[in-house]
Amino acid sequence: MATSQAPVCQSCAMPMIKPVDFGTRADGAKHDEYCTHCMQKGEFTAPDSTIQDMADFNSNFMVKEFNMPEDQAKAAAMDGLVGLKRWQ
């Protein structure tokens, strides 16, 4: 039996598990592709962010929260973002 995985934000790669994790569309409906930190009311919360900005943010989080070595965190962060819809 296959297990279903939580969708991940197509901007920051955050798993979206609970209803509050999901961003919103312009009409206030839940957005299935972007998290609440990245998308509000159909607009990116940081529209001028680059993939490098997001990778820096994510790697800093991994270092702080998971005590991951900085070089490993930077590589993992960029690897996790490259295939996401926002960065295509």
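Helix α1 (51–66) is among the elements that cover the buried residues of helix α2. This packing is a good place to start a tour of the structure, which is a predicted model. Helix α2 runs over residues 70–81 and has 12 residues. From its first C-alpha to its last, α2 reaches 17 Å, close to the 16 Å expected at 1.5 Å a residue. The buried residues of α2 include A73, A77 and L81. These three cover an arc of only 55 degrees around the axis, which puts them on the same side of α2. The other side of the helix has a contrasting character: there, D71 and D79 are exposed.

With this helix in view, the overall layout is easy to follow. The protein has 2 helices and 4 strands, and along the sequence they follow the pattern β-β-β-β-α-α. Taken along the principal axes, the box filled by the C-alpha atoms is roughly 40 × 40 × 25 Å. Of the 88 residues in the protein, 27% are buried. Among contacts with a separation of 6 or more, 38% are between residues 24 or more positions apart.

One residue worth a closer look is S11, found in the segment before β1 (22–24). S11 has a relative accessible area of 0% and is therefore buried, the limit being under 20%. Leaving aside neighbours within four places in sequence, the residues in contact with S11 are Y34, C38, F44, M54, L81, L84, R86 and W87. L81 is a link back to helix α2, where it is one of the buried residues. With R86 the link is also polar: the side chains of S11 and R86 make a polar contact at 3.0 Å. R86 has a further partner, as its charged end sits over the ring of F44, 3.8 Å from the ring centre. A similar arrangement involves K30 and F22, where the charged end of K30 sits over the ring of F22 at 4.4 Å from its centre.

The aromatic rings complete the picture. A pair of aromatic rings is described by the distance of the centres and the angle of the planes. The count of aromatic pairs in the model comes to 2. In one of them, the rings of Y34 and F44 have centres 5.1 Å apart and planes at 85 degrees, so the pair is edge-to-face. Y34 belongs to strand β2 (residues 30–35) and F44 to strand β4 (residues 43–44), so this pair ties together parts that are 10 residues apart in sequence. How exposed or buried are the two partners, Y34 and F44? Y34 is buried, with a relative accessible area of 7%, whereas F44 counts as partly exposed at 27% relative accessibility. Both Y34 and F44 are also listed among the contacts of S11.

The other pair joins F61 and F66, whose ring centres lie 5.8 Å apart with planes at 80 degrees, so this pair is edge-to-face. F61 is partly exposed, with a relative accessible area of 43%, while F66 counts as exposed at 56% relative accessibility.

Terms used. Residues numbered from 1 in each chain as written. Predicted model: local features only at pLDDT ≥ 70, side-chain atom pairs only at ≥ 80, totals over all residues. Heavy atoms only, no water. Expected span 1.5 Å × (residues − 1). Buried < 20%, exposed > 50% of the residue type's maximum accessible area, 1.4 Å probe, protein only. Arc of directions from axis to C-beta. Contact = heavy atoms within 4.5 Å. Polar contact = N/O pair within 3.5 Å; in protein donor to acceptor, adjacent residues only side chain to side chain. Phe/Tyr/Trp six-rings, centres within 6.5 Å; stacked < 30°, edge-to-face > 60°. Lys NZ or Arg CZ within 6 Å of the ring centre and 35° of its normal.
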